[in-house]
Amino acid sequence: MKNRLILLFHILTILYSIPFFGQQTETEETLLTILVALQERFQVRFNYASELIENIKIAKPDADLDLQSAVEFLKNQTGLDFDFISEEVITIKAKPLRLCGYIRDKDTGELLPYTTIQSLKSGTVSNESGYFELPVASASDLILIRHFGHKTIRREYRFFKTGDCGTIHLVPEQQLLPEIVLSDYLIRGLDKLDNGAFQLDFDRFSILPGLVEEDVLQSVQALPGIQSIDETVSNINIRGGSNDQNLILWDGIKMYQSGHFFGLISMYNPQITQKVTLQKNGTSTAFTDGVSGTIAMTTDKNINPELKGSFGINLIDINGFADAPLGKNASVQVAARKAISDFFETPTYSEYFNRITRDTEIDSNVEAVTNSNVGFDFYDTSLRLLYRPSDKDFVRLNFIYTANEVAFDENAIFDGNEEIKESRLDQSSIAGGFYYSRQWKPNFTTELSVYETDYKLRAINANILQDQRFLQENKVSETGVRAMAKSTLSENFGWNNGYHFTETKVTNLDDVDNPIFRRLDGEVLRTHGLFSEVNWSTTNKETIINAGVRFNYLDKYQKQLWEPRLSFNQKILDVFNLELLGEFKHQNTSQVINFQNDFLGIEKRRWQLSNDANIPIIRSKQGSLGLSYKEDGWLVNAVGFIKEVEGITTQSQGFLDRYEFVRTSGKYNANGIELLLRKQLQNWNMWLSYGYLDSQYTFEELVEIHFRSNFDIIHSVSSGITFSTQKLHMAAGVNWRTGKPFTSTVLGNEVVDGQINYAEANGSQLEDYVRLDVSAIYKMELGKKMGLQAGLSIWNVLDKENPIDTFYRLSAQQNAQQVLQGSLGITPNAMIKIAL
């Protein structure tokens, strides 16, 4: 009985509900029926496409609504647009669809500028704030959202939240990339990464003292432990090493030339270079060479869908840059610079030119010979082509060409007749590279890079008194191939493996026409490298380890070299970072000086290959331990290091004393401490850095086995202050360091048997070096898409006469004459640039 009552109750409930359902459905009608009724009621006509309104059912508008209110009701109910063409004609259209929002990284929340958003018929890119707007044809349109290093979103428009311009998150690809552990290390845009490297991001870069424009190789000298003993970018000394011990890469291409004005400014155009990574120690196993450090320049991987460009001029060069799209999936970038000396001579140009030609044959020739028509020029051009044929594939082509040229006429009078002969020096580099990466799976990516780089230094020295022509050449040609596979085995564990092949050919030519003499030396070396590296971190990123090993095989010498590498970073109590770095490395090329008057005395260094005999393979091992503290705008960083480099030659160290023409090999040891104190306060940034270095040579075959290194700068201090807003950047800084060591003569007994009598090797020291620099840059907008930059800088504001090197030569009277080489004097520079 009870079950029957329950059944009866359910039946009555259903029957009772039927009228209500019927009543609800009776209030909905097709849109076509409603439109016909409104036409008859208000004597109007609706124009529309029949397929637009079919199958649309909505609630009937209230009978007491007027026409305007009824149309507004229909607009809200259908999502269609109702436009009054006239009082009697109303057009119905589909509402234009639009997707908009902000693109952010899902893990960090960081805004992602230059993200590509595409539909079937249109595309756009997010701006610097990560915001975008994209018109969409229909709700079923497929939308692609792509950003390098993140997973691509493929989703129909209707599945996005389109009510407002909200946030769209992109998930990072499962590749363990280096993370920033110390942001704004010195200034904004200069960060320290978890693998021990320093990174300069020119998109965020503010300003450094003495620089009116970003200079890649001048900028890295602001870091502790890095000096340029002669103020040039072609002689950067990292922890007591010579410049040839630095590996310089431009988008993976090894470069054998670094500067214009024969070293005074960087030859790498900052407008086409986005980031620069400097690694003193703990280098990835993917890299070889560079026993003192690695300077790797990389360019932007984002394809720009809009035309961008800039045009600028300063007191040294004129420059231009263009970034143009080639369809939806490709873009090309072109940058070029040229010295302005062909048009007019500025004080900056004059100071630079006098600096590089001082104490050379251009500056003063022999007696009875004068120089005239002295001309100097430099130029460079860079090109990059980016192509993304699919979401998984990326292709990059690179090309760079750069040149320095100096020429002058030598004049002499013979028998009342003037004879003129030209001497000239040319230095150039040309290189090209191909890079291809493919993401086979979310956790597996392969990379292939191939490059060819060629360097040439050529000089013709006309000896007009002896009717002689002396030709010198130094050439380097290198081909490199690297293949790499990157696997992400878990969110916190990555494993990279690869193969690296290089073939390096170096030739040196000496050619004299009177008397006839010709010597051509050429060497070729092929090396094979296998490397493996693991990247591991805890989930909270407090512990990060990069460890690996590289196996090298030099086929010419049948030599095997094993090189372990390590970087360890530990975060402690959210404010401390402990860093441990170590590496073994080697390199097969070095620069030597045969004679101080080689190549007109301007560029004295020639590249040469190791022969595993009197020119050994250079091998290094080093370790460092650092601790940093960062809180409330304060940063304190202290690093201690030890370093040993074997296989150096006396020719590669630039001796100017009794060992100038001695040829032997040895090693040097370098120990030191690097300290940094930095404070940020709103728009202000202040820092003070100190470096201590103890670097000693060991040459078993020299009379003095142990003595100070030529690059042993014991104490160095750098301090600076910057003020930065969106429009104005100002900076001032002081650099001080102890003087360069040199070998003096024996006081009171300077010359013995017609030879200079030298005292203890590097037993003396030049005066301390002090320099004050200032700079300022102002930015303003010229409309929506155009901006203007103007800047002014002064190098060595106090015009301090700093000696940077010295040596002795016998005079005609057989006296030991000391020659002092000075630094740049007060050197102003100014620039103006217009950018799209």
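Two strands pair if DSSP finds at least two bridges between them. Helices (H or I, at least four residues) and strands (E, at least two) are DSSP runs, numbered from the N terminus.

The structure is a predicted model, in which local features need pLDDT of at least 70, side-chain atom pairs count only at pLDDT 80 or more, and totals for chains, interfaces and linings use all residues. Residues are numbered from 1 along each chain as its sequence is written, and side-chain values use heavy atoms, with hydrogens and water left out.

**Exercise 1. The sheet**

Determine the strand order of the open sheet that contains β2, and identify its edge strands.

*Solution.* Step 1. The open sheet has three strands in the order β2-β5-β4, and its pairing is mixed. Step 2. β2 (45–47) and β4 (80–84) each pair on one side only, and they are the edge strands. Step 3. From one strand to the next, the twist averages 25°; axes here are lines fitted to C-alpha atoms, for helices over the stretch in contact, and angles run from 0 to 180 degrees between N-to-C directions. Step 4. Five antiparallel bridges join β4 to β5 (residues 89–94). Within β5, Ala94 is the bridge partner of Leu80.

**Exercise 2. Helices on the sheet**

State which strands α2 touches, and how α4 is placed.

*Solution.* Step 1. Contact means heavy atoms within 4.5 Å. Step 2. Helix α2 packs on the sheet and touches β2, β4 and β5, its direction making about 145° with that of β2. Step 3. Helix α4 (residues 67–78) lies across β4 and β5 and runs at about 155° to β4.

**Exercise 3. The length and buried face of α2**

Compare the expected span of α2 with the distance between its end C-alpha atoms, and locate its buried residues.

*Solution.* Step 1. The expected span is 1.5 Å times one less than the number of residues. Step 2. For the 12 residues of α2 (residues 31–42) this gives 16 Å, which agrees with the 16 Å between the end C-alpha atoms. Step 3. Leu31, Ile34, Leu35 and Leu38 are the buried residues of α2, where buried means under 20% relative accessible area, exposed over 50%, and partly exposed in between (1.4 Å probe, protein chains only). Step 4. Seen down the axis, these buried residues fall within an arc of 100°, so they line one face of the helix; the arc is that of the directions from the helix axis to the C-beta atoms.

**Exercise 4. Strand β15**

Identify the buried residues on each side of β15 and its pairing with β14.

*Solution.* Step 1. In β15 (residues 198–201), Phe198 and Leu200 on one side and Gln199 and Asp201 on the other are all buried. Step 2. β14 (residues 190–193) pairs with β15 in the antiparallel sense over three bridges.
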